[in-house]
Amino acid sequence: MHLPSPRGSLSAILVDALRTARPVRTEPSLASSPEDAALALWMLHELSYAGFSDVDEAREWQPDLLRLRHDLESELEDRLRARFPGAPESASGDLVTAFFDYVESHEGPSVASHVHTDATEEQAIELLRWRSVYHLKEADPSSFVLARLPRAARAALAELLYDEYGAGRPERLHSQLFAEALRSVGLDPDGRYVDEVPSEVLEMNNAVSMFGFQRRLRGAAMGHLAAFECTSSVPARRLAQGFQRLELPQPVIDYYTEHVVADAVHEQVAVRHILLPLVEADPDQLEPVFLGAFTCLDQEARTSRVLLERWDVAA
Ligand SMILES: [Fe+2]
Ligand SMILES: [Fe+2]
């Protein structure tokens with residue numbers, strides 16, 4: 001992947017610095033807009049994933065870039081915490097029931113329902129472009145957390161990731177299934193769509209990366225993962241049927257069909273076998289678990305709203 005196009009002064013300075021190996025003398029306040037700041041943080045995070053083909057990989061640990069990344073993450077975390085109403089009272093009792101209830105009670109607009117019955121092919125393709133930023137890295141943010149979990153939670157996350165990473169078959173990696181889905185509709189499987197997604201999508205990806213990279217936020221990473229899995233199976237079925245209705249190629253339908261069954265299992269693994277032993281071993285992680293879950297649900301709702309508004313659909 002190449003560096004994306006800048007969206008303001010901060011991302012322009014950063015793109016220039018990454019390309020030329022110049023030191024970065026900048027700070028978050030130089031951002032021209034929230035999306036400028038979000039794109040800058042997205043680029044800095046990408047240095048810790050597959051990186052950019054036009055950037056030296058040694059720059060991942062360059063102190064001035066780490067400083068900027070730290071400051072942008074602090075801003076993001078403050079924003080996420082300001083939105084978060086706190087863990088529900090019931091969470092200190094039966095965590096499993098409290099978590100399922102919490103996710104269940106969260107209401108938000110549904111892009112999947114629209115795709116199921118009404119979306120046009122153009123809208124369906126646009127959804128794939130927006131989702132590509134997330135799905136082409138599917139499971140990668142959680143994999144950074146593996147070594148930081150207590151024993152039982154670690155074993156369960158490894159089991160879940162084994163599925164996400166194709167159960168030993170490279171062609172079955174979920175990110176690869178999504179890349180094939182993109183290819184089948186003539187889209188670029190390498191994720192060139194960062195340039196067109198709104199700041200909500202960038203922020204969604206930045207949050208899940210930050211949770212994955214910061215050990216102190218391991219509970220948030222796992223709460224996010226669990227909420228994601230709990231809200232995936234039913235929409236995945238609607239999306240698969242919607243794409244079928246539109247007669248999109250089989251790899252698109254297969255990607256979502258795979259998640260109907262897989263995520264119905266993953267939600268149980270995530271809540272019962274990851275969150276529960278994590279919080280039992282480390283009660284301080286209870287609040288971050290719900291911060292992560294809330295952020296997942298809230299950001300999904302924000303992104304869906306933007307997309308439905310764009311399509312002129314009442315949310
Ligand atoms: Fe998956
Ligand atoms: Fe999953």
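A polar contact here is a pair of N or O atoms within 3.5 Å; inside the protein, one of the two must be able to donate a hydrogen and the other to accept it. Keep that cut-off in mind for the first residue on this tour of a predicted model.

**Ser 48 and its partners**

Ser 48 sits in the loop between α2 (34-46) and α3 (63-83). Its side chain and that of Glu 60 are joined by a polar contact of 2.9 Å, and there is another such contact, at 3.1 Å, with the side chain of Arg 69. Is Ser 48 buried or exposed? It counts as buried, because its relative accessibility is 12% and the cut-off for buried is under 20%. If you skip the neighbours within four places in sequence, Ser 48 is in contact with Glu 60, Arg 69, Phe 144 and Phe 213.

**Two residues on α14**

Next up is helix α14 (residues 286-310), where Thr 295 is found. Gln 299 has its place in α14 too. Thr 295 has a relative accessible area of 2%, so it is buried. Gln 299 is buried as well, because its relative accessibility is 1%.

What does the side chain of Thr 295 reach? It goes to the backbone oxygen of Leu 291, at 2.7 Å. The side chain of Gln 299 instead makes a polar contact with the side chain of Glu 203.

Leaving out neighbours within four places in sequence, Thr 295 touches Leu 80, Ala 207 and Phe 211. With the same neighbours left out, Gln 299 is in contact with Leu 80, Arg 83, Glu 203, Met 204 and Ala 207. Arg 83 is also worth a look from Thr 295: the two are 212 residues apart in sequence, yet their C-alpha atoms are 8.4 Å apart in space.

Here are the side-chain contacts so far, side by side:

| Side chain | Partner | Distance |
|---|---|---|
| Ser 48 | Glu 60, side chain | 2.9 Å |
| Ser 48 | Arg 69, side chain | 3.1 Å |
| Thr 295 | Leu 291, backbone oxygen | 2.7 Å |
| Gln 299 | Glu 203, side chain | 3.0 Å |

**The iron site**

Now for the metals. Which residues hold the iron ion (ligand 2)? Its protein donors come from Glu 164 (OE), Glu 229 (OE, listed twice), Asp 263 (OD) and His 266 (ND1), at 2.1 to 2.5 Å. Along the chain, these donors follow the spacing E-x64-E-x33-D-x2-H. Distant parts of the chain are linked here: Glu 229 is in helix α11 (residues 218-230) and His 266 in helix α13 (residues 250-281), 37 residues apart. Glu 229 and His 266 are both buried.

The iron ion (ligand 2) has company, too. The iron ion (ligand 1) is 3.7 Å away from it, and Glu 164 coordinates both.

**The cavity**

How many cavities of 30 Å³ or more does a search of the whole structure find? Just one turns up, and the volume of this largest cavity is about 240 Å³. Its lining is made up of 23 residues, with Tyr 134, Ala 139, Pro 141, Ser 142 and Val 208 nearest the centre. By class, that lining has twelve nonpolar, six polar and five charged residues.

Several helices share the job: α6 (121-135), α7 (140-143), α8 (151-164), α10 (199-213), α11 and α13 each supply at least two lining residues. The biggest share comes from α11, which gives five residues. Helix α11 is also where Glu 229 of the iron site is found.

Methods: Residues are numbered from 1 along each chain as its sequence is written. Chains are lettered from A and ligands numbered from 1 in the order in which they are written. This is a predicted model: local features need pLDDT of at least 70, side-chain atom pairs count only at pLDDT 80 or more; totals for chains, interfaces and linings use all residues. Side-chain values use heavy atoms; hydrogens and water are left out. Donors are N, O and S atoms within 2.8 Å of the metal (3.2 Å for Na, K and Ca); water is not among the atoms, so sites may look incomplete. Helices (H or I, at least four residues) and strands (E, at least two) are DSSP runs, numbered from the N terminus. Buried means under 20% relative accessible area, exposed over 50%, partly exposed in between (1.4 Å probe, protein chains only). On a 1 Å grid over the protein atoms alone, a cavity is a set of points where a 1.4 Å probe fits but cannot get out, and a pocket is an open set with protein on both sides within 12 Å along at least five of seven lines; lining residues have an atom within 4 Å of a point. Grid points are joined across faces, edges and corners, and a volume is the space filled by probe spheres set on the points. Ala, Val, Leu, Ile, Met, Phe, Trp, Tyr, Cys and Pro count as nonpolar, Asp, Glu, Lys and Arg as charged, and the others, Gly among them, as polar. Contact means heavy atoms within 4.5 Å.
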